[in-house]
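Biologist: I should like a close look at a single part of this model, namely the sheet and what surrounds it. Please define each term for a first-year student as you go.

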Amino acid sequence: MGGMPESASEAGFPDLVMPDLPVGNSGNRAENMPASQTGNGTRQKTGSQAANALEKAELSQNNNSVKHRTDAATEKRRPVPGSQTPSMASMSEDKWQQLLKIYPHIRPFQDEREYLSLRPEDFVILHSNAYRLVQNSFLLHGYFNYDHLILAQVSRRNGNQYYIGVPGNFYEKEKQVAIMYGFSSFECRREPAEEGDFGYYMIKVEL
């Protein structure tokens, strides 16, 4: 038996010529190929369109959600048709009408003037800035002597005003003490008051 041929040409096979290929793996070759041959271009384009469509849908949904919340908030703030915000004056007047139904009425001067009879513990019905009056020495002195105070409504050009009255007799010296404690006027049967007249030292309050 003879020896094995040393080359393919010696065995009767023609020499195979391998084409020159670019250096790198098959993945790189695929990337260098036209998109129309690999199919990646179609998939990328389709995926990009789907992503854009999804993003637009989410953005539209978010905008609709924000608009819905904004419309709902605006609807809550919108006043009811035909309704008006009550003024402080109307609120005070309504409160006065309620107090007329609760507290005793007195007419100390035997005329048309009518007041409500109060005690210091009733000051909770007044505005909070009147609470300090429960520690007013002049007011407490008059209350302990006569066992009552009055709440008066007085009509003025700019609307109704409200006063707490402390019972006592009018004297010039007493008037000066009353002014020191915040009482600005004296209400009695006649005007002007004379020495010794019974009446009420008045201080303005808010309902």
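Modeller: The account below begins with the chain and then follows the sheet from strand to strand.

This is a predicted model, in which local features need pLDDT of at least 70 and side-chain atom pairs count only at pLDDT 80 or more, while totals for chains, interfaces and linings use all residues. Residues are numbered from 1 along each chain as its sequence is written, and side-chain values use heavy atoms, with hydrogens and water left out.

The protein chain contains 6 helices and 6 strands; helices (H or I, at least four residues) and strands (E, at least two) are DSSP runs, numbered from the N terminus. Read from the N terminus, the order of elements is α-α-α-α-β-β-α-β-β-α-β-β. Of the 207 residues of the chain, 23% count as buried. Buried means under 20% relative accessible area, exposed over 50%, and partly exposed in between, with a 1.4 Å probe and protein chains only.

The strands form an open sheet of 6 strands in the order β1-β2-β3-β4-β6-β5, with antiparallel pairing. Its edge strands are β1 (105-106) and β5, each of which pairs on one side only. Two strands pair if DSSP finds at least two bridges between them. In general, strands of a sheet pair through backbone hydrogen bonds, either parallel or antiparallel.

Strand β4 (residues 159-169) has 8 of its 11 residues buried, so it is largely enclosed by the rest of the structure. On one side, 7 bridges join β4 to strand β3 (residues 149-156), and the two run antiparallel. Here Ala152 has Tyr163 of β4 as its bridge partner. These two strands, β3 and β4, form a hairpin with 2 residues between them. Strand β4 is also joined to strand β6 (residues 198-205) by 8 bridges, again in an antiparallel arrangement. In this pairing, Asn169 has Phe198 of β6 as its bridge partner.

Helix α5 (residues 137-146) lies across β2 (115-118), β3, β4 and β6, and runs at about 65° to β4. For such angles, axes are lines fitted to C-alpha atoms, for helices over the stretch in contact, and angles run from 0 to 180 degrees between N-to-C directions. Contact means heavy atoms within 4.5 Å.

At the β5 edge, 4 bridges join β5 to β6, and these strands run antiparallel. Cys188 stands opposite Gly199 in β6. Phe186 belongs to β5 (residues 185-188) and counts as buried, at 12% relative accessibility. Leaving aside residues up to four places away in sequence, Phe186 touches several residues, including Gly168, Asn169, Asp197, Phe198 and Tyr201. Phe186 and Pro167 are 19 residues apart in sequence and 9.6 Å apart in space, C-alpha to C-alpha.

Asp197, one of the residues touched by Phe186, also meets Arg190 in a salt bridge (2.9 Å, N to O). A salt bridge is a side-chain nitrogen of Lys or Arg within 4 Å of a carboxyl oxygen of Asp or Glu. Asp197 is buried, with a relative accessible area of 13%, whereas Arg190 is partly exposed, at 40%. In addition, Asp111, Arg113 and Glu187 are linked in a network of salt bridges.
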